[in-house]
Amino acid sequence: MKWYYVLFLVFFIVISALFIYKAITPQNYNSNGIYFEYPGTWAELTPNQSNTSNSSSNSNVVAVGDPNSADTGNIIVLVQKINKSGTLEEIIGASKADLKEDWGATMLSDNIITVDGIQAHDIVYVTDSESNKKERMVIFDKNDIVYCIILGGSASAFDGQKNNFDMIVNSFRVTE
């Protein structure tokens, strides 16, 4: 075997190993008073990539997702922080009503989970057939701030992201 074939093979193995390492090693977001892990192949998204350039973006802290699918809405996670006004149950009720009115959302489930040691609502819903989105909204309050983690994308891509979404929710911490 010629020496340059061996060199090419070694180069190929090293590049493949680096790609696999990046794919399986999560990245950390640790800023704006929150911390969470997300998949190594994902990135922080710009407002244009995450489709958050509307008026509600004032409460947006960060959006992460697969940059190759963000433009089509396949895989996006958005974290919001809002000063608490009213009870958490009132805020959740208003959020559900807004989702139904603005997006024609149908609620699929509303479970109680624990995020950062706090009870949180874990709500899964689908939007109208035109936008064809399935999303998971995790809402909890800590220190008079309401945290909302919206995980979702196209209905066809949503279920395949369960492990990635669970990684984000399970690692989420308030740091301030």
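Okay, let's start at a loop: Gly 160 sits between α4 (155-158) and α5 (162-171). What we have here is a predicted model, so please keep that in mind throughout. Is Gly 160 buried or exposed? Gly 160 comes out exposed, because its relative accessible area is 66%. Now look across to Ile 75. Along the sequence, Gly 160 and Ile 75 are 85 residues apart, yet from C-alpha to C-alpha the distance is 9.9 Å.

Right after Ile 75 in the numbering we reach strand β5, residues 76-83. Six of its eight residues are buried, so the rest of the structure largely encloses this strand.

Which strands does β5 pair with? One of them is β4, residues 60-65, and that pairing is antiparallel, with five bridges. If you want a place to find it on screen, go to Gly 65: its bridge partner in β5 is Ile 76. Another is β9, residues 145-154, again antiparallel, this time over eight bridges. Here you can look for Leu 78, which stands opposite Ile 150 in β9.

While we're on β4, have a look at Asn 60, which belongs to that strand. Asn 60 counts as buried, because its relative accessibility is 19% and the cut-off is under 20%. What does its side chain meet? There's a polar contact of 2.9 Å between the side chains of Asn 60 and Gln 80.

Okay, on to the nonpolar side of things. As a general point, nonpolar side chains in soluble globular proteins tend to be buried together. In this model, the largest nonpolar core holds 25 residues, and the ones with the most contacts inside it are Phe 36, Ile 149 and Phe 172. Where do its residues come from? Two or more residues each are given by β2, β4, β5, β7 (118-126), β8 (133-142), β9 and α5. The largest share is from β9, with four residues.

Let's zoom in on Ile 149. Leaving out residues up to four places away in sequence, Ile 149 touches a whole list, including Val 77, Leu 78 and Val 79, then Met 137, Val 138 and Phe 140, and also Ile 168 and Phe 172. Arg 136 is on that list too. There's also a second core, separate from that one, with 16 residues; among them are Leu 78, Ala 105, Met 137 and Ile 139.

Last stop: the aromatics. How many aromatic pairs are there? The count is seven. Take Phe 36 and Tyr 38: they make a tilted pair, 6.0 Å from centre to centre, with 50° between the planes. Both of those residues are buried. Phe 36 also pairs with Phe 172, and that one is stacked, at 6.1 Å centre to centre and 10° between the planes.

Why point that pair out? Phe 36 is in strand β2, residues 34-38, while Phe 172 is in the loop between α5 and β10 (173-174), so the pair ties together parts that lie 136 residues apart in sequence. As for burial, the relative accessible area of Phe 36 is 0%, and for Phe 172 the value is also 0%.

And both of them belong to one aromatic cluster, along with Tyr 29, Tyr 38, Phe 140 and Tyr 147. So if you'd like a spot to begin exploring on your own, try Phe 36 and Phe 172, which, with Ile 149, have the most contacts inside the largest core. That's it from me, thanks!

Notes:
Residues numbered from 1 in each chain as written. Predicted model: local features only at pLDDT ≥ 70, side-chain atom pairs only at ≥ 80, totals over all residues. Heavy atoms only, no water. Buried < 20%, exposed > 50% of the residue type's maximum accessible area, 1.4 Å probe, protein only. Pairing = 2+ DSSP bridges. Phe/Tyr/Trp six-rings, centres within 6.5 Å; stacked < 30°, edge-to-face > 60°. Polar contact = N/O pair within 3.5 Å; in protein donor to acceptor, adjacent residues only side chain to side chain. Core = buried A, V, L, I, M, F, W, Y, C linked by side-chain atoms within 4.5 Å. Contact = heavy atoms within 4.5 Å.
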